[in-house]
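Open your viewer and keep a selection box handy. We will walk from one stop to the next, and at each stop you will hear what to select and what is there.

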Amino acid sequence: MSFSPRVFSGIQPSGDLHLGNYLGAIRRFVPLQATHETIYCVVDMHAITVWQEPEALRRATREVAAAFIAAGIDPKRSIIFNQSQVPQHAELAWVFNCIARIGWMNRMTQFKDKAGKNSENVSLGLLAYPSLMAADILLYKATQVPVGDDQKQHLELTRDIAAKFNNDYAASIKEQGLGTEEGQFFPITDPLIAGPATRIMSLRDGTKKMSKSDPSDQSRISLLDDADAIAKKIKKATTDPAELPGDVEGLAGRPEADNLVGIYAALSDKSKQDVLAEFGGSGWGKFKPALAELAVSVLAPMNGEMRRLLDDPATIDAVLRDGAERAGAIAEKTMNEVRSIIGFIR
Ligand code: AQP
């Protein structure tokens with residue numbers, strides 16, 4: 001027995017989806033449908049690790065599902081669902097809470113960033129977040145996970161949890177014939193982090209990641225922004241006064257320029273070097289309008305389709321329910337095996 005190639009990835013419905021979520025994750029989900037079994041999840045249980053207004057959470061959940069479909073993820077070929085409809089995610093996360101060590105969680109930079117100086121007062125869920133993420137992935141024995149660069153450390157932790165589970169329960173896995181030839185019950189999942197857009201930065205500060213939770217709406221291009229809003233945000237994006245360099249080395253120490261060139265490269269499927277071959281020596285007065293036009297041409301069709309889908313929430317909910325049923329069948333099979341490996345009586 002070996003693991004068949006299966007892709008899993010999730011997006012939190014924790015605010016306005018933005019260009020970073022699209023370029024770093026959603027857009028990369030689409031071609032994988034041709035080569036892998038693909039499972040894409042709206043991770044609403046992750047979102048509530050910080051406070052979410054219930055109505056806003058419902059809206060954002062549908063928005064992520066709409067973005068998946070509008071970007072080209074086919075709900076027949078892929079499984080699209082929201083996490084809370086498959087309770088096995090929470091069940092396996094509990095098992096992993098008992099596998100992972102507190103020291104592992106304390107080292108997570110995303111937890112440190114989000115908790116800040118307030119680490120005693122944030123939710124326990126925020127600390128345990130990577131354990132739930134490991135459960136999301138391993139419940140489906142996913143072999144690959146396409147994510148942005150910010151999730152690299154969480155993926156490493158998922159691999160550590162899988163390895164420790166495989167090792168701690170090696171005898172039971174073997175006894176019950178539930179492992180691969182190498183004795184693995186869970187795969188050691190590979191992260192797929194590639195391309196020029198693995199970390200899109202804020203439009204206001206080139207040293208900060210573009211993020212849903214940034215209080216400034218001007219910091220991100222939202223997937224629901226219209227053409228006018230996109231053009232205005234790019235026009236106002238923070239830059240240094242120098243003109244664009246002719247090669248990539250010239251972007252060193254210029255985070256805002258590097259970010260905008262990277263966005264242009266990702267949107268046009270070119271390398272940063274090719275973009276600089278075209279725009280090197282130009283000022284922002286030439287580059288920003290070209291970037292705005294490109295961004296609108298890529299995002300406008302998706303924006304229109306997302307709006308159309310969001311006008312029909314019943315259809316989105318039906319897609320999520322159907323996906324949850326299909327995901328639930330795989331999840332229950334894994335969970336049954338896990339229960340038996342651990343020694344739970346059923
Ligand atoms: N700025 C980014 N550049 C490239 N990829 C990004 N991703 C997020 N921000 C960028 C990728 O998008 C996927 C979904 O992320 P998430 O919803 O799980 O949460 P996150 O990584 O914490 O993203 P946000 O937008 O910053 O949300 P908040 O503010 O709620 O924490 C992941 O694959 C992520 O790498």
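**Stop one: threonine 158**

Select threonine 158, which has its place in helix 8 (residues 152-168); helices (H or I, at least four residues) and strands (E, at least two) are DSSP runs, numbered from the N terminus. Before going further, note that this is a predicted model, in which local features need pLDDT of at least 70 and side-chain atom pairs count only at pLDDT 80 or more, while totals for chains, interfaces and linings use all residues. Residues are numbered from 1 along each chain as its sequence is written, and side-chain values use heavy atoms, with hydrogens and water left out.

Is threonine 158 buried or exposed? Its relative accessible area is 0%, so threonine 158 is buried (buried means under 20% relative accessible area, exposed over 50%, partly exposed in between, with a 1.4 Å probe and protein chains only). Now show its contacts (heavy atoms within 4.5 Å): leaving out residues up to four places away in sequence, threonine 158 touches Met133, Ala134, Ile137 and Leu138.

**Stop two: helix 7**

Those four residues are among the buried ones of helix 7, so select residues 124-138. In helix 7, 12 of the 15 residues are buried, leaving the helix mostly covered. Look at proline 130, where helix 7 bends by about 45 degrees; the bend is the angle between axes fitted to the seven residues ending there and the seven starting there. How far apart are the end C-alpha atoms of helix 7? They are 22 Å apart, which agrees with the 21 Å that 15 residues should span at 1.5 Å a residue (the expected span is 1.5 Å times one less than the number of residues).

Stay in helix 7 and pick leucine 127, which counts as buried because its relative accessibility is 19%. Leucine 127 touches Met105, Asn106 and Phe111, not counting residues up to four places away in sequence. Measure the C-alpha to C-alpha distance to isoleucine 102 too: leucine 127 is 25 residues from it in sequence and 8.9 Å from it in space.

**Stop three: two loop residues**

Next, go to lysine 141, in the loop between helix 7 and strand 4 (144-146). Lysine 141 is not a glycine, yet has a positive phi of about 45 degrees; its relative accessible area is 14%, so lysine 141 is buried.

Finish at aspartate 269, in the loop between helix 11 (255-268) and helix 12 (272-279). Phi of aspartate 269 is also positive, near 55 degrees, but at 64% relative accessibility aspartate 269 counts as exposed.
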